[in-house]
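Q: Please take a close look at the charged side chains of this model. Where do they pair up, and where do they gather?

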Amino acid sequence: LALGVNNSQKLIISGSSGTVAIDQNANAGAFTIDAESTTENVMTFLTPTTTTATIFAAVNANSLTTGRIAYFHSDSSTTNVRKLVEIHNDNTSAVGAIPLTVTQDAAAIALQIETTTKSGLYVHNNVDASAEPLVKIHAEGDDFDQNVLQVVNAGDAHGIEISGNGSLHISCPDAAPKIKLSRIEADEALVDNDVVGELEFFANDASVASNAQTKVGRIFTEI
């Protein structure tokens with residue numbers, strides 16, 4: 001079956017293989033769905049029997065310049081709680097399944113999150129006990145010589161805050177752990193008694209005596 005004008009568009013249904021192919025030779029959209037459904041899915045892959053292949057594959061997009069492989073956009077103003085994209089591994093026995101993997105072969109950012117309000121990344125765990133940390137960053141290469149985690153804050157708030165029952169635990173298997181406080185200035189900008197780093201200890205508890213004071217440890221420079 002072939003439909004089109006001047007052979008610019010074709011819909012091919014193969015009776016032997018059961019495949020449906022769209023051959024678009026014009027500079028126009030090849031497949032568009034105009035759906036009026038409100039409480040039903042617009043597109044559904046109904047219980048595929050796929051085992052080792054890929055259910056939805058966009059492969060060899062090798063002509064891209066400034067375009068994208070996928071784009072998801074919503075301009076809804078409703079305040080209802082919802083998830084624009086959700087990946088759910090629903091079987092607790094599937095311990096080898098990874099819901100999302102990003103592989104970056106170029107020397108560039110692998111994952112970028114931009115937000116204007118609230119948290120850019122929120123990780124929540126409702127399991128009481130776990131053998132793995134909630135967030136794990138692993139630099140496996142022996143020659144890796146950059147910071148494993150870098151926090152840059154242009155505002156006045158803390159760069160890292162640990163609350164609740166949290167604590168900071170630093171352990172190194174092959175060397176003594178250390179905390180390095182650096183103040184980056186232009187050459188010869190620091191003078192005697194300039195503060196290079198500061199450790200502050202305080203209690204925010206109303207039961208603390210009124211004369212309790214914040215304890216501050218300062219590290220000064222000597223020229």
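A: Here is a walk through the charges, followed by one polar residue.

This is a predicted model, in which local features need pLDDT of at least 70, side-chain atom pairs count only at pLDDT 80 or more, and totals for chains, interfaces and linings use all residues. Residues are numbered from 1 along each chain as its sequence is written, and side-chain values use heavy atoms, leaving out hydrogens and water.

Start with the pairs. The structure holds two salt bridges (a side-chain nitrogen of Lys or Arg within 4 Å of a carboxyl oxygen of Asp or Glu). One joins Lys83 to Glu86, at 3.8 Å from N to O. Both of these residues are exposed (over 50% relative accessible area; buried is under 20%, partly exposed in between, with a 1.4 Å probe and protein chains only). The other links Lys136 with Glu132, with the closest N and O atoms 4.0 Å apart. Lys136 counts as exposed because its relative accessibility is 59%. Glu132 is exposed too, at 52%.

Now the gathering. Glu140, Asp142, Asp143 and Asp145 form a negative surface patch (residues with over 30% relative accessible area and no salt bridge, like charges being joined within 9 Å). Asp142 lies in the loop between β2 (20-24) and β3 (195-201) (strands are DSSP runs of E, at least two residues, numbered from the N terminus). Its relative accessible area is 79%, so Asp142 is exposed.

Last, the polar residue. Gln24 sits in strand β2. It counts as buried because its relative accessibility is 19%. The Gln24 side chain reaches the backbone nitrogen of Ala26 at 2.9 Å. The Gln24 side chain also reaches the backbone oxygen of Gly29, at 3.1 Å.

Technical notes. Patch = residues over 30% accessible without salt bridge, like charges linked within 9 Å, V, L, I, M, F, W, Y side chains within 5 Å. Areas by Shrake-Rupley, 256 points an atom, 1.4 Å probe, with all protein chains shown as cover. Lys, Arg positive; Asp, Glu negative; His and termini not counted. Charge placed at Lys NZ, Arg CZ, Asp CG, Glu CD. Helix = DSSP H or I, 4+ residues; strand = E, 2+ residues; numbered from the N terminus. Polar contact = N/O pair within 3.5 Å; in protein donor to acceptor, adjacent residues only side chain to side chain.
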